[in-house]
Structure formats: structure tokens, C-alpha cells
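Student: Could you take me slowly through one part of this model and what surrounds it? I would like a close look, with the reasoning spelled out wherever there is some.

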Amino acid sequence: MIRFLFKGLIRDRNRSLLPFLVTTIGVMLTVVFHAWITGVINNSIEFSARFSSGHVKITTQAYADNAAQTPNDLAIMGADTLLEAVAAAFPEMDFASRIYFAGLIDVPDSTGETRAQGPAIGIAIDLLSGNNEEKERMNIPSSLRRGRLPATGKEALLSDEFAGKLGISPGETFTLVGTSMLGELTMYNFILSGTVEFGTTALDRGTLIADLSDVREALNMADAAGEVLGFFRSGVYSDGDASAVSERFNNKYFAEDDEFSPVMKTLSMQSNMGFLVEYSGKLQNILIAVFILAMSLILWNAGLLGGLRRYGEFGMRLAIGEEKGHVYKTMLLESLIIGFFASVTGLAVGMLIAFYLQEKGVDLGMMMKNASIMMPRVFRAQITPWTWVAGFIPGFLSTQIGTMLAGAGIYKRQTAQLFKELES
Amino acid sequence: MKKLITILLLICSLMTVSAQYPDGKQLLDRIDRNMSSENRIFTSSMIIYGRRTTHTVKMKTWTAGEKKSFTEYLFPAREQGTKMLKLEDQLWIFSPSTDRIIQIAGHMLRQSVMGSDLSYEDLMEDNRLQGQYDAMVTGTEVIDGNQCWVVELKAVVPEIAYQGMKLWVDQEKNIPLREEMYAKSGTLLKRTELSDVQRIGNRWYPRKILFRDMLRDGKGTEFLIEDIEFNVPIPEYIFSKASLKK
């Protein structure tokens with residue numbers, strides 16, 4: 001039966017070509033779109049986690065209330081002790097202290113007078129303890145453009161573009177003018193060991209990266225940290241697991257009446273990340289539903305057109321005694337065959353495009369030239385197991401639903417009228 | 001007829017009350033004679049009551065006229081040797097740990113000094129009120145048992161830190177005991193309480209000023225004058241960039 005129908009479809013291309021093309025293009029678009037959106041959202045979440053939010057973040061309550069200002073006067077005191085405690089309590093996670101700060105980079109000339117100045121956003125991480133986790137987490141080794149990574153104290157990195165604007169090269173000294181934890185104006189000399197480029201406009205515009213111990217000294221923040229970030233060792237963010245860790249931590253440390261008690265927030269609880277996490281989870285369902293709806297409408301119309309063209313054929317088949325249900329079934333079987341081959345073809349083409357976008361990515365730096373949020377400049381598609389399903393299942397379903405809707409007309413045909421219709 | 005008499009009586013009584021208040025300009029002159037000087041050298045401490053901690057900074061300041069000022073930090077050890085030179089609207093800061101002199105100008109001068117409630121302008125300027133503000137005495141109030149004139153000031157020069165001020169001036173000593181500083185929009189920026197007023201030479205001068213920056217959290221900054229000399233000769237080299245590194 002299937003063989004018979006298949007031959008019919010091959011020999012009569014008018015019957016199969018349009019639904020095949022429509023379904024192929026639809027499946028291809030769905031696969032590419034799904035992989036792209038998944039990639040963009042996950043790129044953004046992971047990028048934000050690595051550079052800013054962690055999978056969980058510990059700050060003081062007062063700091064969390066003003067987090068956008070990175071108020072280091074409200075930083076965690078006794079951060080090293082807290083770090084040890086959380087590392088022991090949550091072995092499934094890695095924790096790291098960081099200080100985010102703002103300051104002015106002042107480059108001297110040969111007489112010590114200001115040669116160039118520019119505002120910088122500073123990130124203090126563990127660069128010198130011998131533990132490479134933070135360096136790797138922020139992709140610092142692979143982002144190095146000139147010079148080398150800091151090897152001793154008082155060495156720091158600047159973003160390549162920023163260093164270029166300031167006219168400073170590796171080996172030269174610059175001064176950080178900032179504000180200490182107590183609000184004092186502070187000045188601290190660094191030697192530029194190298195320059196980095198992250199491919200992110202917000203970071204490449206003017207970033208200083210230095211070792212935590214140096215920045216603690218510079219900003220008068222002994223044993224303090226603005227933020228302690230936690231990352232799942234699996235490397236994958238799970239909102240459920242993060243919420244459980246956060247609840248356990250807050251039950252133990254959070255004190256409502258003490259604004260300087262530590263509080264842990266999950267990635268989804270920070271700076272609108274919740275929307276992305278939630279949206280990411282619902283994305284597949286939304287995409288599949290939209291695809292099925294749109295494709296069904298198109299295929300319904302295609303089916304109606306085909307039905308009109310095959311009006312005589314169906315009439316003849318009914319007139320010679322074929323059951324209406326059998327005609328309807330053969331139509332559905334035909335569409336199943338078309339759906340299968342179109343889905344396979346669409347999936348193959350879509351996957352090739354998605355794979356290309358996953359490997360090469362698309363540089364959207366120009367679109368985010370003035371963006372103040374931390375987003376990667378190069379976005380990549382991401383093929384997940386769901387990407388296969390996202391194209392294949394709706395590819396089948398839409399052809400079936402389209403045919404079901406279009407084929408319903410068969411049951412309206414009156415047998416008594418068939419011969420009159422055939423005669424005319 | 002009755003109405004006319006009532007209006008005349010009201011006008012007369014208002015004129016009588018107004019005549020009891022001193023002229024604003026004269027009052028500013030009397031305040032300036034106490035608070036301002038040709039030059040001065042003083043040692044002071046700032047006790048900064050932060051949201052979380054309290055810390056103290058001690059410094060010595062040389063001021064000549066309204067445009068030149070030099071300050072050296074004496075305490076804490078971390079800040080010792082840090083020097084600031086202000087000439088007109090430019091400020092240079094020398095940090096001994098970096099051996100660098102950094103220039104600060106413009107709106108940065110209105111930033112907090114060492115996390116206190118004082119700006120660089122508050123700390124390093126000795127501007128006379130007369131010539132910068134129009135003043136009008138609007139009433140009387142008692143502050144800590146001292147009878148005070150309530151004076152409202154409006155700036156007559158554009159480039160000034162506070163466009164409006166309200167002073168509570170001790171009627172006997174001609175010293176403000178309370179000040180409120182306003183932005184052009186009318187926003188209250190700072191409030192000060194001046195106390196421990198002592199006779200120094202031929203003038204009255206407050207030894208203790210509590211500054212409150214109304215735009216930030218914190219419990220204020222106590223500015224304590226430990227030692228002050230007025231109108232003593234100050235060598236001109238003090239107000240040069242070369243003296244920053246000495």
C-alpha cells in the first residue's frame with residue numbers, strides 16, 4: 001500500500017512537490033531558528049554567569065539592594081572565612097571572591113605628569129594563587145592579545161582597545177585612581193603585563209583586570225570582597241539546584257535585621273536574568289506550537305488546492321466503490337510519507353546551517369556598540385537534542401493536520417451526484 | 001474707614017518688625033569678619049561616621065585668600081604624606097605610595113573627601129559670603145539657648161557650589177550655628193551644625209562642625225579644629241606643585 005502511494009507521489013509531482021517544499025523549508029527554518037535562539041539565550045546566560053552573576057552570588061543585603069552601583073563600602077567583610085565555609089558546605093560548587101570597581105586609569109609621561117586618562121571598570125579575581133579556575137572561567141588566556149598574563153603582584157591587564165586609546169604598552173606603568181572601601185580617594189600603581197580582548201563591547205571598552213590581593217590593597221579592602229560567586233562544577237546552570245543551594249545558605253546566614261549579613265541569590269534572581277532562564281525553558285514549546293500552527297495553515301491551503309485539482313480523481317474513486325474513509329486514509333498516508341521525507345530533508349539542511357552558525361557564530365558587535373550590558377559580541381547557535389525534535393515532530397504533525405483539515409471535504413461528497421459530476 | 005486704618009496699622013507693624021532685623025549685607029560682613037581671613041593655617045580632624053564604620057583623618061591645611069589651599073594628611077598611616085594643592089578650580093593630589101601627582105578638576109571637586117560629608121570645595125575653600133550672596137534676614141529662632149537670626153542667602157555669582165543657603169546666625173557672636181546648603185533646584189544638599197564657638201584673637205570661631213551630606217547615607221562627619229592661626233605669613237612656595245613632593 002505504502003509502496004503504491006509512494007510511486008503515486010513520485011510519478012505525480014503536482015501531488016507532492018508543493019507540500020514537500022513547504023514542509024522542508026518550514027522544518028529547516030524551525031531547526032535553524034531554534035538552534036539560534038537557544039544559542040543566543042544560553043550564550044547570554046553563560047556569559048553573564050562567568051563574568052558577572054555566577055550561578056549563585058553572595059553579597060551583603062545592603063550591597064544586593066544597590067548592586068548596580070557595585071558599592072564596595074557595603075562589601076562582605078571576612079570574605080575568606082565565608083569562602084571556606086561555603087566551599088565546605090556546598091561541595092558541588094566552586095566559589096570565588098571578586099571585587100568589581102570603577103576608577104580612573106592615569107598614564108604618566110616621562111616626568112610623571114598625566115599623559116592620558118580614561119575611566120575604567122575593574123574586575124579583581126584570583127590570578128596569582130596558582131589556581132587557574134578564575135582565569136579559565138573568564139577565558140583570559142585565550143583573550144590575551146599582547147604581552148602576558150600577570151605573574152607577580154602589581155601587574156594587571158587592560159582591554160586591548162582601551163590600552164590603545166591610552167597609548168600604553170605592556171611593561172609600562174599606570175596609576176589606578178579609585179575609591180576605597182571607606183570612600184577615600186586611592187592611587188595605586190600597576191605595571192601593564194598584557195592586553196585582552198573578550199569580544200564584548202561592554203568589556204572591551206575599558207576594563208582593568210587585576211589580582212584580588214592587589215585590588216584589596218589598592219582599595220583598602222583587606223579580607224573583604226564585593227561578591228562571592230558560585231559555579232556548579234558540572235558547568236551547567238540548573239535553576240532548581242541553584243534555588244535549593246540558595247535556600248540552604250540563606251537559612252543559615254541571612255539575618256533580616258542586619259543589612260550586612262550575607263545573602264545568596266541565584267542567577268535567575270539577578271538583573272533580569274530570570275526572564276532569560278524562564279524563556280529558555282519555554283522556548284521549545286513556543287517554537288513548536290508556532291511552527292505547527294503556521295505550517296498547518298499553509299498545508300491546509302496546499303491540501304485544499306490539491307483537493308480541488310484531484311476533485312475528479314476522488315469522485316471517480318468514490319464512484320467505483322472506494323470507501324470515503326479509505327480515500328481519507330490514503331491521503332493521510334501520502335502526507336505522512338511527504339512529511340517524513342520533507343522533515344528529513346529540512347532537518348538535514350537546517351542542521352548544516354545551524355552547525356555552521358554554531359562553529360562560526362555571527363559577530364553582532366556593531367549592533368551593540370553602545371550597549372552597557374555584558375553580552376558576547378559573537379553569538380553562536382547551539383544544537384541540542386531538542387533541536388532535532390523541534391524540527392521533526394512538527395514537520396510530521398503539520399502535514400497531518402493540514403491534510404486532515406483539507407481532506408474533510410471528502411465526507412461532504414454525495415455519491416448520488418458523482419456520476420452527474422463526472423458526466424459534466 | 002475702618003478698613004483703611006486696619007491696613008495702615010498692618011503696614012506700620014510690618015515696617016516696625018522689618019526695622020528690627022539687621023541688614024542682610026551688613027550681617028554677612030560681620031559673619032565674614034569672624035569666619036574668613038587673608039590666610040590661615042589649621043590642623044583638623046575629621047571623624048567620619050559611615051554607614052558601617054567610623055574612621056578618623058587628621059590633616060594640616062594652609063589657605064591664602066579664596067583661591068589657594070594646600071593640605072597634608074597626617075593620619076592614618078595609610079594616608080600620611082598625601083598632599084593636595086588647590087589653585088583656583090584645579091586640584092592636584094600627590095600620593096607618596098605611587099609617587100604620582102594626579103590632577104582633578106571640574107565636578108570632581110564636589111566629590112567627597114576621604115569618604116566624608118565634605119567635598120574638596122568645602123574643605124579647601126574659604127570664600128567670603130559677601131559678594132557671592134544676597135542675604136535677607138527672615139526671622140529669629142533659638143538654637144541651643146542662643147538667639148539667632150534666620151538668614152536666607154541667594155547666590156549672585158553663577159559658578160558657586162551652593163546656589164542657596166539658609167543660616168541661623170548667633171545674634172551676639174555673629175557666627176552661624178546652623179547652615180543649610182541648597183542646589184539651584186531647591187534640593188537640600190548639606191546641613192551643618194557649628195558648635196564649641198571660641199574667642200580666637202579678635203574673632204569668634206567654631207571649633208566643631210558637624211557636616212551632613214543629605215544626599216547620602218551615613219551619620220555625618222565631625223570636623224574638629226584642633227589648632228588654628230589667622231593671618232600669619234605663608235611662604236608662596238607652599239602653593240606650588242613642587243611642594244607636593246617635598
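Tutor: A word on labels comes before anything else: a helix here is a DSSP run of H or I with at least four residues, a strand is a run of E with at least two, and both are numbered from the N terminus. The model is a predicted one. With those labels, Asn139(A) can be placed in the loop between helix H5 (133-137) and helix H6 (140-143) of chain A. This residue has a positive phi of about 55°, although it is not a glycine, and it counts as partly exposed because 15 C-beta neighbours lie inside 10 Å.

For the close look, let us turn to chain B and its strand E9, which covers residues 164-170 and is mostly covered, six of its seven residues being buried. On one side of the pairing, E9(B) joins E8(B) in the antiparallel sense over seven bridges, and within E9(B) it is Met165(B) that stands opposite Leu153(B). E9(B) is also joined to strand E10 (residues 176-182) of chain B by six bridges, and these two strands run antiparallel as well. Here Trp168(B) has Arg178(B) in E10(B) as its bridge partner. The hairpin of E9(B) and E10(B) has five residues between the strands, and Asn174(B) in this hairpin takes a positive phi near 55°.

E8(B) can be followed in the other direction too, to the loop between strand E7 (133-143) and strand E8 (146-155) of chain B, where Asp144(B) is found. Asp144(B) is not a glycine, yet its phi is positive, at about 50°. It counts as exposed because it has 10 C-beta neighbours inside 10 Å, and the cut-off for that class is 12 or fewer.

What touches this region from a helix? Leu27(B) lies in helix H2 (residues 24-35) of chain B, and its contacts, leaving out residues up to four places away in sequence, are Pro22(B), Ala135(B), Val137(B), Trp149(B), Val151(B) and Val169(B). Leu27(B) is buried because 22 other C-beta atoms lie within 10 Å, where the class begins at 20. Between Leu27(B) and Lys173(B) there are 11 Å in space, C-alpha to C-alpha, although they are 146 residues apart in sequence.

One further detail of chain B concerns the backbone: Pro76(B) sits in the loop between strand E3 (68-75) and strand E4 (83-87), and the peptide bond leading to it from Phe75(B) is cis, with omega near 5°.

Methods. Residues are numbered from 1 along each chain as its sequence is written. Chains are lettered from A and ligands numbered from 1 in the order in which they are written. This is a predicted model: local features need pLDDT of at least 70, side-chain atom pairs count only at pLDDT 80 or more; totals for chains, interfaces and linings use all residues. Two residues are in contact if their C-beta atoms, placed from the backbone, lie within 7 Å. Two strands pair if DSSP finds at least two bridges between them.
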